[in-house]
Amino acid sequence: MLIRRPLWQARMTAAALLACIFMIFGLMVPAHAEVTAPPKAAAAALVRPNDMNSGALLFPSREPGYFVEAPRLGTDVSIDVSGPIARVKVTQRFENPSAGWVEGTYVFPLPDDSAVDSLRMQIGDRFIEGQIKPREEARQIYEQAKQDGKKTALLEQQRPNIFTNQVANIGPKETVVVQIEYQQSVHQSGGEFSLRFPMVVAPRYNPAPIVQTVDFNGNAGFAVPRDPVENRDKIEAPVLDPRENARINPVSLTVDLKAGFPLGEVKAPFHDVTITQDGEQNRKIALKADSVPADRDFELTWKAVAGQTPSAGLFKEVRDGKTYLLAFVTPPSAPDTAAKPAAREVVFVIDNSGSMSGPSIEQARQSLALAISRLGGNDRFNVIRFDDTMTDFFKGLVPATGDNREKAIAYVRGLTADGGTEMLPALKAALRDQGPKAPDALRQVVFLTDGAIGNEAQLFDEISRNRGDARVFTVGIGSAPNSHFMSKAAEFGRGTFTHIGSEQQVAERMGELFNKLENPVMTDMAASFEGSTALEITPNPMPDLYAGEPVTLTAEMAGDNPTGKLQIIGKSGNQPWRVEMDIANAASGKGISKLRARRKIDDIEASAYQANTPEATDREIEKVAMAHHLVSRMTSLVAVDVTPSRPAGEPLASTKLPLNLPEGWDFEKVMGGAERQVTPDTNADTGPDQAAIVNPAEPEMAELAAVQMMAPAPTPAAASILAKTAAGVTLPQTATPADRRIMMGLLMLGFVAMASACMAFWRRSIKDVLQAEGKRRGY
């Protein structure tokens, strides 16, 4: 019996060891296969980050480690200019490169005075017209159509110059075309006419919500957060790092220019174009390249042949039994007098935040140094700079002596760009903290900034409430300034807006601004009708005018054939000035009614900052927008295909399309540190919440980012990485299924421990057998 028992134990031990080995290999092989072998269905439909050979936005799928590539975008722009009005057609092609069903959201800019009135969705050879609806109703229609698997598009306004276009249920390898149209007015200043087509929404600095403490009869209160940034999640989009990714979102553009007068110089200062002459009054303009990346605004300027610049114009459009007028008049230059120019009190405010890094801060420094050098001996001035902190250099206005000017210029030339864009404290200091205005002096506040902020409403309210006798002038710096903020701030401040897009424009554009600052040529402006009655005239009140600035107004009149004269009066120096235009002689114009409605909505929005009944304001905006088929803050355009296209049960992945960083911006300064932007959430019906911007140059770093993006619950390793991310450490935006590999490693460690236990048991059993055999034989 002694012999048979140890042999039985040995056999059992060997069988157990063999079972352990088979179990280990049996578990390891499926785990390994799960990581290395893609599912059959995913092989054609999904991609892995390391498979990408160009920059792209990927969002999660149902299969861990596999992603769907975001839709790609191409844009065609066609601009028709007829006298003072431009009609613009923007065609956006959403291409789905994946084999899954997707929804794409594109955040894009338009001119702040654009009257958007048309949306068409093309599917194959079919065109579907968009309908104007109240904003919430349009959103509900879109969401229901998306859920039902129908192709649908939704155009919403997030700011007067920021829009979003959402397109749902784009099929595998399919392209959906969405076309929008809008009206805008041509800008005129100093004998030069211009229009801008913005191409990219620059990343905005969005201040944190304000926490207000509410007290109850001296007792402890509670904190109520108030967000100064409306729809902050709607105005953000993923931004590709230009250092590591090719430019995306190509744009092709043409302009058909019919000026209405003999043309002189025509140029596009920021893009290479070809210009073809079509008679003395017409030009055709096209980009030299087939397309350009959407990373800076397109600007076109034109002038009349010397001596042919029109000094007045009156246009009309009849619609629905009403007549809409658009008028512009250029007043005479400032009168030649021997009177001593009025002393000026100028507060210069310069933005040196991170978004101003690169060429922008250099343009701002040059512009401000030039402005300071132009001050006269009778003037007073101060310089305020801001990022997420603020410095009031002289702590109040000081005489513009040579010594003070030199100190200020040296200070300005030493400024560097970094940090956040906390503009409100600097604006408050400029308007409130500079002391009383001297008698007969002109108080002027000059802002030099790119306006890359999301809390515009706070700043408009500050200007409206605390401007006093000051005039606010804005100077937009860089390739993609926030023109909505810049132009409206100047309008509220009764000043003007000047844009400087390159260092070559500094001297010319600042020279124009100096002439305006030094020569307010027309004050006490007013418009009225003789022999007829206008229902409304805008702007009201009319602003002061400066050298080279035309009077531009719109009016709405009852009837389709009004008579009488439009009168504009004012003061040029101390002399009265007056001009009259016969309504019967007005030229025909298209789109004036929509431009008029857009201006009316702007006026309502402007008064909303001080209104006590926001609901009434919203209703008024909705009423005007619905009547004129316009997109506004309260209305949207929605188009729905009646035929479902996405099969039931097929998942739909959603994402925001990535944007380029504006040309000349420093990615590290803008996207890191205080102005670091968080990639907005994207989602798939059956996947995680995070999307990845893939940089194919760093596949070896994919493991780290995978812990952040793929783990459903943070492991200790993931928690460590996430903590570093929260602290501001930038992680590569790529991904692999690292959590699965970590779990596989833990399982293998368990298997090794189990195998070690089996081996120890086997050794002890063999030892027992040998000892028993030895005793039996007498060893």
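# Reading a fold, one feature at a time

Q: Let's start with one residue. Is R196 buried or exposed?
A: R196 counts as buried, because its relative accessibility is 18% and the cut-off for buried is under 20%. Keep in mind that we're looking at a predicted model.

Q: Which residue does R196 meet in a salt bridge?
A: To spot a salt bridge, look for a Lys or Arg side-chain nitrogen within 4 Å of an Asp or Glu carboxyl oxygen. Here, the side chain of R196 meets that of D297, at 3.0 Å from N to O. R196 sits in strand β13 (residues 192–197) and D297 in the loop between β20 (292–293) and β21 (298–304), so this pair ties together parts that are 101 residues apart in sequence. D297 is buried too, with a relative accessible area of 3%.

Q: How many salt bridges are there in the whole structure?
A: A search turns up 36. Take R93 and D76: their closest N and O atoms are 2.5 Å apart. R93 belongs to strand β4 (residues 85–95) and D76 to strand β3 (residues 72–82), so the pair ties together parts 17 residues apart in sequence.

Q: And are R93 and D76 buried, exposed or partly exposed?
A: "Partly exposed" is the label between under 20% and over 50%. R93 gets that label at 33% relative accessibility, and D76 gets it with 25%.

Q: What about E556: which residue does its side chain meet in a salt bridge?
A: That's K322, at 3.0 Å from N to O. The two come from distant parts of the chain: E556 is in strand β34 (residues 551–558) and K322 in strand β23, 234 residues apart. E556 is buried, with a relative accessible area of 9%, whereas K322 is partly exposed at 31%.

Q: Which residues are linked in a network of salt bridges?
A: Look for E103, R135, R139, E143, K146 and E156: salt bridges link them in a network.

Q: You mentioned strands β34 and β23. In what order do the strands of their sheet come?
A: To read a sheet, walk across it from neighbour to neighbour. This open sheet has five strands, in the order β32-β34-β23-β22-β37, and the pairing is mixed. At the edges you'll find β32 (534–538) and β37 (587–588), each of which pairs on one side only.

Q: How do β22 and β23 run, and how many bridges join them?
A: They run antiparallel, and eight bridges join β22 (residues 312–319) to β23 (residues 322–329). If you'd like one bridge to find on screen, try G313, whose partner in β23 is F328.

Q: Now for the rings. How many aromatic pairs does a search find?
A: Ten, across the whole structure. For each pair, check the angle between the ring planes. F393 and F394 have ring centres 4.6 Å apart and planes at 70°, so they make an edge-to-face pair; the cut-off for that label is over 60 degrees. F393 is partly exposed at 26% relative accessibility, while F394 is buried at 17%.

Q: Which pair is stacked, and why?
A: F460 and F485 are one such pair: their planes are at 15° and their centres 5.9 Å apart, so they count as stacked. They link distant parts of the chain, with F460 in helix α7 (residues 456–466) and F485 in helix α8 (residues 483–492), 25 residues apart. Both rings belong to buried residues: F460 has a relative accessibility of 1% and F485 has 3%.

Q: Which residues form one aromatic cluster?
A: F381, F393, F394 and Y411 do.

Q: How do I read the way helices α4 and α5 cross?
A: Picture a line along each helix, pointing from N to C, and compare the two directions. The axes of α4 (residues 359–373) and α5 (residues 402–413) come within 9 Å and cross at roughly 180°. The two helices are therefore roughly antiparallel. Where they meet, α4 brings R365, L368, A369, I372 and S373, and α5 brings R405, A408, I409, V412 and R413.

Q: One last stop: where is the place of L657?
A: L657 is in the loop between β39 (652–656) and α12 (667–671). With a relative accessible area of 1%, L657 is buried. L657 and N249 are 408 residues apart along the chain, yet 9.2 Å separates their C-alpha atoms.

Key
Residues numbered from 1 in each chain as written. Predicted model: local features only at pLDDT ≥ 70, side-chain atom pairs only at ≥ 80, totals over all residues. Heavy atoms only, no water. Pairing = 2+ DSSP bridges. Helix = DSSP H or I, 4+ residues; strand = E, 2+ residues; numbered from the N terminus. Buried < 20%, exposed > 50% of the residue type's maximum accessible area, 1.4 Å probe, protein only. Phe/Tyr/Trp six-rings, centres within 6.5 Å; stacked < 30°, edge-to-face > 60°. Axes fitted to C-alpha atoms, helices over the stretch in contact; angles between N-to-C directions. Parallel < 35°, antiparallel > 145°, perpendicular 65-115°, else oblique. Contact = heavy atoms within 4.5 Å.
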